Amino acid sequence: MLKFRYKVLFVCLGNICRSPTAEGVLRHLAAQEAPRLVLEIDSAGTADYHIGAAPDPRSQRAALGRGIDISGLRARQVTKDDFARYDLILAMDRSNLSELEGIKPGNSHAALKLFLDYAPELNLREVPDPYYGDASAFEEVLDLTLAASRGLLSALEEGR
Ligand code: 4NP
């Protein structure tokens, strides 16, 4: 039987640029394009630098440019408990993925993947860290997260 209820956690380094953007984008697209899915969506960082902080103003601006308000999100650090709670944990880059592999408890059934695996047409496996980049780096995060979120929604709708 197909399952339509999923818990998805996005993870980057600081949880102020890429993963809160992905959280906002997936929530927005799911509401518009995948009403059958019941999703719990959150994001977290592997680092503790920005705990409690709102998304970077540059990420907020880029998201708002696509009609997505992420201003209410607040950064947190990923925990071992996340591996029990979430079905799917999606890393933005390989460094995030290897950090997550390092803390994943042996009994966790969470699927741990690179987010861009849901957008194979991009021929890119990582969402580049925009933190030290210019406005175009933040636009690229939106482009990539929109594409991968569409792929993810299709996969979940098909029970893949
Ligand atoms: P994020 O970006 O991992 O996409 O949230 C970064 C945010 C902060 C830092 C690095 C990347 N930092 O070095 O503080």
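Helices here are DSSP runs of H or I at least four residues long, numbered from the N terminus. With that in hand, open the model, which is a predicted one, and let us walk through it.

**Stop 1: helix α2**

Select residues 57–65, which make up helix α2, and pick out P57 in this helix. P57 has a relative accessible area of 52%, so with exposed meaning over 50%, P57 counts as exposed. Now add C12 to your selection: P57 and C12 are 45 residues apart along the chain, and their C-alpha atoms are separated by 17 Å. C12 belongs to the surroundings of the ligand, and that is where we go next.

**Stop 2: the ligand and its shell**

Show the ligand with the residues around it: C12, L13, G14, N15, I16, C17, R18, Y49, H50, D129, Y131 and Y132. Colour them by class and you will find seven nonpolar, three polar and two charged residues.

Next, turn on distances from the oxygen atoms of the ligand. Three contacts are worth a label:

- G14: a polar backbone atom is 2.9 Å from a ligand oxygen.
- H50: an N or O atom of the side chain is 2.8 Å from a ligand oxygen.
- R18: an N or O atom of the side chain is 2.7 Å from a ligand oxygen.

How much of the ligand does the protein bury? Taken alone the ligand exposes 360 Å², and the protein buries 92% of that.

**Stop 3: N15, and a look across to N123**

Stay with the shell and select N15, in the loop between β1 and α1. Is N15 buried or exposed? N15 has a relative accessibility of 2%, so it counts as buried. Check its backbone too: phi of N15 is near 60°, a positive value in a residue other than glycine. Most residues other than glycine have a negative phi.

For another such case, jump to N123, which sits in the loop between β4 and α5 (135–157). N123 is not a glycine either, and its phi is positive at about 55°. Here the surroundings read otherwise: N123 is exposed, with a relative accessible area of 73%.

**Stop 4: R18**

Come back to the ligand and centre on R18, a residue of helix α1. R18 is buried, at 2% relative accessibility. Expand the selection to what R18 touches, leaving out residues up to four places away in sequence: C12, L13, M92, D93, N96, V127, P128, D129, P130 and V141. Then draw a line from R18 to Y131: they are 113 residues apart in sequence, yet 9.1 Å apart in space, C-alpha to C-alpha. Before leaving, label the polar contact of 2.9 Å that joins the side chains of R18 and D93.

**Stop 5: D93**

Follow that contact to D93, in the loop between β3 and α4. D93 counts as buried, at 13% relative accessibility. Its contacts beyond four places in sequence are R18, L114, E126 and V127. Zoom in on the side chain of D93, which points you to the next helix. A side-chain oxygen of D93 comes within 3.1 Å of the backbone nitrogen of S95, at the start of α4. The side chain of D93 also reaches the backbone nitrogen of N96 at 2.8 Å.

**Stop 6: helix α4**

Select residues 94–103 to see helix α4, and show N96, L97 and L100, its buried residues. Why do these residues line one face of the helix? Look down the axis of α4: the buried residues fall within an arc of 100°, so they line one face. In general, an α-helix has 3.6 residues a turn, so residues three or four places apart point the same way. To see what covers this face, switch on elements including β1 (5–12), α1 (18–33), α3 (82–85), β3 (88–91) and β4 (111–114).

Past α4, find S108 in the loop between α4 and β4. S108 is buried, at 12% relative accessibility, and a polar atom of its side chain lies 3.1 Å from the backbone oxygen of F83.

**Last stop: P130**

Finish at P130, in the loop between β4 and α5. P130 is buried, at 1% relative accessibility. Outside the four places on either side in sequence, P130 touches C17, R18, A137, F138 and V141. P130 and C17 are 113 residues apart in sequence and 7.3 Å apart in space, C-alpha to C-alpha. C17 is one of the residues around the ligand, which brings the tour back to the ligand shell.

Technical notes: Residues numbered from 1 in each chain as written. Predicted model: local features only at pLDDT ≥ 70, side-chain atom pairs only at ≥ 80, totals over all residues. Heavy atoms only, no water. Near = heavy atom within 4 Å. Polar contact = N/O pair within 3.5 Å; in protein donor to acceptor, adjacent residues only side chain to side chain. Areas by Shrake-Rupley, 256 points an atom, 1.4 Å probe, with all protein chains shown as cover. Nonpolar A, V, L, I, M, F, W, Y, C, P; charged D, E, K, R; others polar. Buried < 20%, exposed > 50% of the residue type's maximum accessible area, 1.4 Å probe, protein only. Helix = DSSP H or I, 4+ residues; strand = E, 2+ residues; numbered from the N terminus. Arc of directions from axis to C-beta. Contact = heavy atoms within 4.5 Å.
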